[in-house]
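Below are some notes for a colleague who works on the computational side, set out as numbered points. Please read them with the structure open alongside.

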Amino acid sequence: MKKKVLSVILASTMAFSLIACGGEAAAPAPAAEEPAAEEAEEPAAEEEAPAEEEAAEEEAAEEEATEEEAPAASGELINVGFAQVGHESDWRTASTKSCQDVFSEANGYNLSFVDCDNDSAAQLEAVRSFIEQDVDYIIIDPIVSTGWDTVLGECEDAGIPVVVIDRTIDDSDKYVSWVGSDFLTEGKAAGEWLKAYAEKKGISEINALIIQGTTGSSAQIGRTDGFSEVAEREGWTILDKQTGDFTEAGGQEVMESFCKSYEGKFNVVVCENDNEAFGAMTAMDNAGVSYGPDGDVILISYDACTAGLKEVQAGKITADFECNPLAAPTVEKVIQTLQSGGTPEAQILVPDNWYALKDQIVDFSVDGNAQSMTEVTDAVIEAQY
Ligand code: AHR
């Protein structure tokens, strides 16, 4: 019963929010029948005068509306389903913890959490199980950016608003909001930093290897595209790129093969997250390749989690480009906006910082915007996640 009323609110909210972001408005969810009127039809009502009948119907509708208040307003827990990517990295651990902290019972939520173990089919299944459970909201961190339109249509038909966190969905607009980082800018920032840093160090030739994230994830696509755009413009050579699936084991395996295939030929390694960088470091250590500010290879990483920044401080990772995993508090604001009948923003960016040791901090711009870098110190590491 509750869901029918929510379905009407959702249909109009989605339409408004998508129009606001310039997208095509999603087909509204089927209009809810008005149950109050049906339930008000009691045999005695037939004898009532039309005006009285109308008043009774109105009263019943009001009662029904009160009964069907948003869960928080009625003191009930808000049921949230979260289909998380998996547990592949330090970043992911921080993201999961943040979501579990925010969507706690103490904060008025009942969280159904599914770790999809980087399996897209399992993630679709998780979303469908949330529909079956009739949760109030669904949060999805999409493993890959495509293949979503059908299941999001099912969420829409069920009247359940979907909020996308972190990675983007690129083939459907049937969700209320997306909250996350700008992966393309992260990739461009890494490229523009490398250009400025190479100039400062007098390095005229760049031969790069890229250990990519999970193929088809928007984090992989954005970082690869952003860095490659600068590489192409500058005439750098990208010797190879292969996926390490955002894991330490994957990073090590790819780097071991790179060390054999490109021995003595590369001077830059770009790892699309910190855990891949840790694996690549092991592989380079084993192959006798030196890296970091004092080594032969410039090692670039993304995420800038605590463990990554410690490797920057240790002189192993040359520069680390953050992807902030603490988007859950903003997702909660989106849900609270929906709870109070408002229209949340369609896209909400979580700001990122770029990190290096003092000597590796250089001036650079991304798309004409001057960037600032944060020096890695004990206090900075302490404050990170
Ligand atoms: O989607 C964010 C990326 O996914 C992070 O860079 C990575 O660590 C994670 O696995």
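**Notes on helix H7 and the ligand site**

1. At the N-terminal end of H7, Asp182 acts as a cap, with a side-chain oxygen placed 3.2 Å from the backbone nitrogen of Leu184. Please bear in mind that this is a predicted model, and that the distances quoted throughout should be read accordingly.

2. Helix H7 itself runs over residues 183-201, which makes 19 residues, and it reaches 27 Å from its first C-alpha to its last, close to the 27 Å expected at 1.5 Å a residue. Just after H7 comes Gly202, whose phi is positive, at about 75 degrees.

3. Turning to the ligand, its surroundings consist of Glu88, Ser89, Trp91, Arg92, Asp166, Arg167, Ala219, Arg223, Phe246, Asn273 and Asp303. By class, this shell holds six charged residues, two polar ones and three nonpolar ones, and helices H4 (90-102) and H8 (218-234) each contribute at least two of its residues.

4. Which side chains place an N or O atom beside an oxygen atom of the ligand, and at what distance? For Asp303 the distance from such a side-chain atom to a ligand oxygen is 2.5 Å, while for Arg167 it is 2.8 Å. Ser89 likewise has a polar side-chain atom 3.0 Å from an oxygen atom of the ligand. Taken on its own, the ligand has 280 Å² of accessible area, and the protein covers 100% of it.

5. Where does the ligand sit? Its place is in the largest cavity, and the shell residues there include Asp166 and Asn273.

Key
Residues numbered from 1 in each chain as written. Predicted model: local features only at pLDDT ≥ 70, side-chain atom pairs only at ≥ 80, totals over all residues. Heavy atoms only, no water. Near = heavy atom within 4 Å. Polar contact = N/O pair within 3.5 Å; in protein donor to acceptor, adjacent residues only side chain to side chain. Areas by Shrake-Rupley, 256 points an atom, 1.4 Å probe, with all protein chains shown as cover. 1 Å grid on protein atoms, 1.4 Å probe; cavity = no way out; pocket = protein on both sides within 12 Å on 5 of 7 lines; lining within 4 Å. Sits in = over half its atoms within 2 Å of the grid points. Helix = DSSP H or I, 4+ residues; strand = E, 2+ residues; numbered from the N terminus. Nonpolar A, V, L, I, M, F, W, Y, C, P; charged D, E, K, R; others polar. Expected span 1.5 Å × (residues − 1).
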